[in-house]
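I opened the notebook today with a simple plan: look at the ligand site, then a strand, then the charged pairs. Here is the structure I worked from.

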Amino acid sequence: MRLFVTGGAGFIGSHYVRRVLAGSDDTVVVYDALTYAGNRDNLRGLEGDPRLVFIRGDVCDRAGVGEAMAGCDAVVHFAAESHVDRSIVDPDEFVRTNCGGTNVVCDTARRLGVSRVVCVSTDEVYGSIDEGSFTEADGPAPRSPYSASKAGADLIALAYRETHGLPVVVTRSSNNFGPYQHPEKVIPLFTTNLLDGLAVPLYGDGDNVRDWCHVEDNCAAIDLVLRQGQPGEIYNIGGGNELTNRDLANRLLVLCGRDESFIRLVADRLGHDRRYSVDTTKVAGLGWSPIRQLEEALAATVDWYRHNRWWWEPLKATP
Ligand code: NAD
C-alpha cells in the first residue's frame, strides 16, 4: 500500500511513519509544510529508506496535494495547527489549515478515488465534561478556537462521506505524550524547564483534568482504524490515565529531581476546559487497548528529553 501521510514531520505523524515503515511493506509519502512544529529531525534515521518519500507542501495547496497524493491508496491526515494557546492569540491559521486543509485533502482523495482516509482529530472537539465520558454519539461542543477548527474539520470530512461516499474515518484521541513532542506542549515544556532548573507555569488552580495516552498507543489505534475501521465512523482513543495538571506536574518534579518550589501558578488559560474524557469501547471492539503503563512511559519520556537535548534546545531557543 502507498500511504499519503500529512503532517508526518510533526510529533504524532512522525511516530506513525516510523511504525508503518518498521511494521509493514507500505510506502509512505510524507506531505508536510514544515511549520515551526514540523521537523525533519523527527524522522532522523529514516532518510535512507527507499519506502519513505518526503514532500514539503501545504495542505491548503490543491495542486501540490493533488500531485503528491496521486497514486496513493490511503491517506492519514495529521497536519494541523495543534496548540490551543496559539489558537487563542492567532486563530486564522487554525481555521485555514485545520478546516481548509482538511477540505482540500478530502476533496483530492475523492477526486483521485483513494480507498481510505483517516482524519486524525481530538477529544477536545467534545468540549468539557465534569463526570463520565463522551462517546462517539455525542455531538461536538468545542470551546477553544483550536477545538472548534478541529470540529469543523471532522464535520467537513464526514460530510464527504455522506455526500460523495468518501471512505473516511475520524479518530479522536486524548492528550498524547512521548519523544519528539514540541516543547511548547505541557509535558515537554515542564520536563525541559525542570531539567534546566527553571520553574513550570501551572494554569489556574491546577485542577484541570486530562487523559494521557502514549503516542505509540495512539499510532497503533490509528493504524488499526485505517485498516479495519468502518467508513463514516468516529473512533475515540484514550489512555485511561486521567490526571489533574497538578498531579502531572508533581510526577514530573519527582522524575526530574525537583521540589514543589518549582511550581509557579499563573493566570488561567482563557476558556480553559475543565476535564476531557472519552469512552473507548468502540475502538476496543476492533481489538485495541493501550499497552503503555503511565508511570513507566512517563519516566521513559522524561529520560528521552534528558538524553536528547540536541533535539529540543534549538526549538526552545526559537520564539
Ligand atoms: P504537531 O503540531 O506536532 O505537528 C503538526 C504537523 O503538521 C507539523 O509537522 C507541521 O509542519 C504540519 N503542518 C501544519 N500546518 C500544515 C499545513 N498547512 N500543511 C502541511 N503541513 C502542515 O501536531 P501533533 O501533536 O503531532 O498532532 C497531529 C494531529 O493529531 C493533529 O491533527 C492534532 O490536532 C491531533 N491531535 C493531537 C494530540 C496531541 O496531544 N498532540 C491529541 C489529539 C489529537
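My entries follow, one topic at a time.

**Entry 1: the ligand**

I kept in mind throughout that this is a predicted model. I began by asking which residues come nearest to the ligand. Of the 30 residues around the ligand, the nearest are Ile12, Asp32, Ser82, Tyr146 and Lys150.

Next I looked up polar contacts. Lys150 places a polar side-chain atom 2.6 Å from an oxygen atom of the ligand. Val59 uses its backbone instead: an N or O atom there lies 2.9 Å from a nitrogen atom of the ligand. Thr35 also contributes a backbone N or O atom, which I found 3.0 Å from an oxygen atom of the ligand.

I then checked how much of the ligand is covered. Taken alone, the ligand exposes 830 Å², and the protein buries 97% of that.

Which elements give two or more residues to the shell around the ligand? I noted helices α1 (11-23), α4 (92-112) and α5 (145-164), together with strands β5 (116-122) and β7 (175-177). The biggest giver is β5, with three residues. By character, the shell divides into 12 nonpolar, 14 polar and four charged residues.

**Entry 2: strand β8**

I moved on to β8, residues 200-203, and followed its side chains. They alternate: Val200 and Leu202 point to one face and are buried. Pro201 and Tyr203 point to the other face and are not buried.

Which strand does β8 pair with, and in what sense? The partner is β12 (residues 263-266), and the two run parallel over four bridges. For Tyr203, I wrote down Val266 as the bridge partner in β12.

**Entry 3: salt bridges**

How many salt bridges does a search of the whole structure find? The search gives 20. As a reminder to myself, side chains of opposite charge can pair when their charged atoms come close. I picked three of these pairs to follow up.

The pair I started with was Arg309 and Asp196, whose closest N and O atoms are 2.9 Å apart. Arg309 sits in helix α11 (residues 309-317) and Asp196 in the loop between α6 (186-195) and β8, so this salt bridge ties together parts that are 113 residues apart in sequence. Arg309 is partly exposed at 27% relative accessibility, and Asp196 is partly exposed at 38%.

I then turned to Arg227 and Asp223, a salt bridge with its closest N and O atoms 3.0 Å apart. Both residues belong to helix α7 (residues 215-228) and are four residues apart, about one turn of the helix. Buried or partly exposed, I wondered, for Asp223 at 12% relative accessibility? Buried means under 20%, so Asp223 counts as buried. Arg227, at 36%, counts as partly exposed. This pair also has company: Asp26, Asp223 and Arg227 are linked in a network of salt bridges.

My last pair was Arg306 and Asp303, where the closest N and O atoms are 2.6 Å apart. I found both in helix α10 (residues 294-307), three residues apart, again about one turn of the helix. Arg306 has a relative accessible area of 32% and is partly exposed. Asp303 has 33% and is partly exposed too.

Notes
Residues numbered from 1 in each chain as written. Predicted model: local features only at pLDDT ≥ 70, side-chain atom pairs only at ≥ 80, totals over all residues. Heavy atoms only, no water. Buried < 20%, exposed > 50% of the residue type's maximum accessible area, 1.4 Å probe, protein only. Pairing = 2+ DSSP bridges. Near = heavy atom within 4 Å. Polar contact = N/O pair within 3.5 Å; in protein donor to acceptor, adjacent residues only side chain to side chain. Areas by Shrake-Rupley, 256 points an atom, 1.4 Å probe, with all protein chains shown as cover. Nonpolar A, V, L, I, M, F, W, Y, C, P; charged D, E, K, R; others polar. Salt bridge = Lys/Arg side-chain N within 4 Å of Asp/Glu carboxyl O.
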